[in-house]
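Trainee: Got a minute to walk me through this one? I'd like the ligand site, then the pockets, then the chains.
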Amino acid sequence: MTVAIETRGLTKRFGGLVAVDKVDLRADAGETLGIIGVNGAGKTTLMNCICGLYRPDDGDVFVAGERVTGQPPHVVAHRGIGRTFQIPRVFRKMSLIDNLLVPVLDRKAHDAELIEQAEAMLERMQLIDLRHNHAEELSGGQQKLLEMARMLMPDPPIVMLDEPFAGVHPVLCKFMIDRIEETARAGKAVLLISHDLTSIYRLSSRVIALNQGRIIAEGGVDDIRGNPAVIEAYLGT
Amino acid sequence: MELLILNGLVNGLIVGGIYALVGVSLTLLYGVLRVVNFAHGEFVIAGSFLAFVLFTSFGIPPLLAVPIAAVVFFIAGWGLYYVLIPRLARSDDPELMSFLMFYGVSIAAAALMLLLFEADSRTIDYTFTPVSVQVGPIYVSTARLVAFAITVVVSIALALFLFKTLPGKALRAAIMNPEAIQIMGVDIVRLSAFAFALASALAGVTGVLIALVFPAFNPFSGAEYTIIAFIVVVLGGLGNPVGALLAGVLFGLAEQMATVFLPQAMAQIVGFLILVGTIFFRPSGILGVRFKR
Amino acid sequence: MASPSRAPDSADRIYFTLTALMGGVLLIYFASVPLLGLNVAFHFYLMLWITMASAFNVASGFAGYMPFGYVAFYGIGAFTTAILVKKAAFPVFLALPLSGVAGIVLALLFAPTLRLSGIYFGIVSLALAGICRLVITNMPEEITGGSFGLQLGSRAHPVQSFYVMMAVMVVALAVILWLSRSRLGKALRATRDDADAAEMMGVNVPIVRLWGWLISAFFPAVCGGVEAWYTNVVDTETAFNTLITAKTVIYAVAGGLGTVTGPVLGAVAMVWLDELIWRQFPLLNLLILGLATIVLVLFLPRGIVGTLLRKKPQWRRYIP
Ligand SMILES: Nc1ncnc2c1ncn2[C@@H]1O[C@H](COP(=O)(O)OP(=O)(O)OP(=O)(O)O)[C@@H](O)[C@H]1O
Ligand SMILES: [Mg+2]
């Protein structure tokens with residue numbers, strides 16, 4: 001197994017608050033790493049540090065063994081990291097097809113070829129009938145799907161999903177779970193943040209639990225499920 | 001030289017007081033309504049023309065014109081609010097669209113004044129007796145001193161209103177958190193209309209004072225005051241009334257001192273540079289506190 | 001960009017047919033104005049405003065900025081041509097492209113402002129235009145002609161400058177048409193809608209914005225130059241007049257930001273309206289311009305084309 005993504009001692013502070021505290025994580029190709037933690041534990045901030053949106057105060061991020069710390073987000077993206085957002089961030093006044101084209105604008109391929117790929121991806125996400133609509137005309141759940149499609153479009157080896165199931169109907173939720181499973185099976189490293197522990201336990205091969213920016217537990221699903229520190233963080237004060 | 005500097009200081013304080021008023025009304029408007037009144041300078045100059053008409057046609061002295069302008073502009077502002085603002089909220093980007101709309105208001109207002117008063121510069125031929133008063137080693141025109149006194153009174157009244165009265169507190173709350181205040185059961189539309197009316201009244205009063213302090217004004221002077229208002233508002237922190245008062249005085253002082261040492265055009269450029277520099281290096285204003293956001 | 005590997009679908013066919021049709025009509029109409037003895041001055045300015053509004057659209061509709069000091073580019077272009085022709089005896093045809101270059105240089109100087117957004121950008125842009133005007137006004141009289149401005153001498157040539165203006169308009173529209181379908185255009189739009197998200201999707205946001213900004217600055221600068229040549233005189237009062245920004249913005253908004261046809265249609269409709277009103281009531285011109293802006297923002301904030309596309313979203317693919 002090759003290590004697709006790794007962080008070492010990753011730290012991010014906001015003023016006095018340590019939002020991410022010396023986090024070491026790694027995910028191999030084809031592996032899904034679940035990330036759990038209460039609100040404000042630092043999960044989103046961790047992703048923002050990995051993809052270059054925030055510059056970490058300390059520590060490093062490696063993609064396929066190469067250091068990308070401090071690189072601007074578009075450079076990190078080209079190294080092969082795709083992501084979705086906790087609150088969908090689609091390109092509101094662009095058609096769904098154009099939304100999907102944005103991450104592949106630098107590809108050599110012909111436009112028509114890329115458009116075909118985009119249509120295939122929309123087909124897969126069951127959004128094909130809306131392909132010429134503007135993204136702002138989609139429902140919240142559909143926007144989550146669109147984000148997922150946009151993330152997968154450039155076929156990145158690493159994908160990060162921030163709360164993909166929040167506010168999503170169970171039927172759509174099931175659909176998304178299937179897509180995420182497919183993605184992992186296709187050999188991508190998946191980082192998955194969710195408060196929905198059932199889905200996390202089902203999808204992840206390993207889980208890390210964050211609390212106040214620090215990893216308090218790490219291991220297989222069964223280790224985490226019974227881990228007293230996790231139970232404490234989730235249920236305790 | 002010392003005399004020149006002293007002169008600059010005194011005039012800076014007087015002019016700064018006026019700038020403070022120009023800025024505070026604009027910042028109130030932005031704070032509560034999130035609209036950028038590009039026509040603010042024209043509102044102000046309309047106040048000057050009102051004083052001009054009151055004096056030349058009816059013989060009403062500028063001192064009496066102050067309360068009249070306040071009332072007239074308050075009512076006009078209240079009406080204008082209901083014509084302009086509610087529809088604006090429906091557009092995609094109300095903040096930017098407000099900028100554009102008031103751009104139109106500014107053109108229309110300047111054009112209207114041009115039609116009514118023509119392009120010539122106007123002065124109000126009203127003189128106080130004595131014409132000037134000795135302050136320490138320098139002479140200051142009585143008109144300017146009177147204007148300054150009014151500025152101070154208006155500022156204090158405004159501050160008392162904002163911090164000591166219920167509607168004032170509601171306004172400040174609306175600036176800090178417009179969503180919350182609606183939940184608390186305040187009628188935000190009426191409050192906004194009131195803010196618009198209040199800002200207009202302040203602009204009108206400022207216009208009367210400008211007619212007292214500055215030698216002349218014409219329908220196109222508005223643009224200058226709009227820029228000054230922007231400078232003051234940005235310096236004070238967008239939507240921060242206290243900041244605007246301070247920034248106005250500060251900018252007035254800086255500008256008057258600049259005219260002592262620099263040629264006129266350079267002094268103007270300094271104003272623009274302060275504006276650009278503030279936005280780049282201190283976007284939350286000199287006080288460094290963000291009222292909102 | 002690259003030629004499609006398959007036959008264009010029917011929407012593309014309609015799009016290209018419509019584009020060719022509208023382009024053809026525009027071309028033939030303007031080309032025949034001097035030949036048929038129509039009003040050259042009116043059509044010269046019509047083309048100028050079409051170009052200005054369209055180029056403005058790149059900054060506003062595509063990139064999401066509201067440069068309220070847009071006139072700076074126009075003014076710098078006007079003075080570049082005037083100074084080069086008058087003081088350095090450059091031929092006009094060399095001076096005009098250099099006006100465009102001057103616009104680009106100015107745009108590069110202003111590039112740091114692209115980090116700002118919304119009203120902050122608008123206000124700074126306005127202030128920078130003010131600085132430009134003051135700097136040029138206060139340059140030595142031997143260079144800029146002081147408050148009297150510069151006379152270009154007997155170099156005016158209305159018909160020639162008419163066709164040059166037409167060429168500038170055609171190039172501007174072609175570039176914007178290309179941009180609207182190009183990858184750069186998509187990147188710009190993505191950046192406008194959500195810059196951070198675009199960046200995390202691999203878009204080099206600062207570079208993309210800069211390109212949009214430069215395109216948007218080049219054409220008004222050339223327009224300024226051509227107009228200086230056409231009228232034969234340049235001074236700071238007119239070349240840096242805020243009304244130029246006002247008209248540009250209003251025409252572009254009237255047509256609808258973000259589409260290629262919008263600003264063209266907006267300029268045609270408003271310039272024509274302006275002319276009509278101006279003839280009837282010369283004094284009311286400014287007042288009506290202001291009122292028109294207010295009415296536009298309140299009742300047609302998406303402009304003619306934007307409103308149409310809102311009602312008929314499926315037409316988005318047909319209309320350039
Ligand atoms: N841009 C920021 N500036 C200041 N503080 C921030 C910023 N972003 C996050 N924080 C703080 O960092 C901490 C971690 O936030 P983060 O968004 O990473 O939490 P999270 O684990 O994603 O929570 P949730 O489950 O609610 O999404 C919080 O205390 C938050 O207030
Ligand atoms: Mg989060």
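Mentor: We'll take ligand 1, a pocket and the three chains in turn.

Trainee: What should I know about the model before we start?

Mentor: It is a predicted model: local features need pLDDT of at least 70, side-chain atom pairs count only at pLDDT 80 or more, and totals for chains, interfaces and linings use all residues. Residues are numbered from 1 along each chain as its sequence is written, chains are lettered from A and ligands numbered from 1 in the order written, and side-chain values use heavy atoms, with hydrogens and water left out.

Trainee: OK. Which residues come nearest to ligand 1?

Mentor: G40(A), K43(A), T44(A), T45(A) and Q86(A), out of 14 around the ligand. Near here means that a heavy atom of the residue lies within 4 Å.

Trainee: Which polar side-chain atom lies 2.7 Å from an oxygen atom of the ligand?

Mentor: One of K43(A). The side chain of N39(A) has an N or O atom 2.9 Å from an oxygen atom of ligand 1. G40(A) uses a polar backbone atom, at 2.8 Å from a ligand oxygen. A polar contact is a pair of N or O atoms within 3.5 Å; within protein, one must be able to donate a hydrogen and the other to accept it, and residues adjacent in sequence count only if both atoms are side-chain atoms.

Trainee: How much of ligand 1 does the protein cover?

Mentor: 64% of the 630 Å² of accessible area that the ligand has on its own. That area comes from the Shrake-Rupley method with a 1.4 Å probe.

Trainee: Which element gives the most to the shell?

Mentor: α1(A), with 3 residues. Both β2 (17-28) and α1 (43-50) of chain A supply at least two. Helices are DSSP runs of H or I with at least four residues, strands are E runs of at least two, and both are numbered from the N terminus.

Trainee: And the shell by class?

Mentor: 6 nonpolar, 7 polar and 1 charged. Ala, Val, Leu, Ile, Met, Phe, Trp, Tyr, Cys and Pro count as nonpolar, Asp, Glu, Lys and Arg as charged, and the others, Gly among them, as polar.

Trainee: Switching to pockets. What volume has the second largest?

Mentor: About 1600 Å³. Of its 50 lining residues, F220(B), A223(B), E224(B), Q268(B) and R133(C) are closest to the centre. A pocket is an open set of points, on a 1 Å grid over the protein atoms alone, with protein on both sides within 12 Å along at least five of seven lines; lining residues have an atom within 4 Å of a point. Points are joined across faces, edges and corners, and the volume is the space filled by probe spheres set on them.

Trainee: Which helix gives the most to that lining?

Mentor: α9(B), with 7 residues. By class, the lining has 27 nonpolar, 17 polar and 6 charged residues.

Trainee: Now the chains. How many helices and strands has chain A?

Mentor: 9 helices and 10 strands. Its C-alpha atoms fill a box of roughly 50 × 40 × 35 Å along the principal axes.

Trainee: And chain B?

Mentor: Chain B has 11 helices and 2 strands. Its radius of gyration is 19 Å, close to the 19 Å from the globule rule for 293 residues, so chain B is as compact as a globular protein of that length. That radius is taken over C-alpha atoms, and the rule is 2.2 Å times the number of residues to the power 0.38.

Trainee: Last one, chain C?

Mentor: 15 helices and 2 strands.

Technical notes
On a 1 Å grid over the protein atoms alone, a cavity is a set of points where a 1.4 Å probe fits but cannot get out, and a pocket is an open set with protein on both sides within 12 Å along at least five of seven lines; lining residues have an atom within 4 Å of a point.
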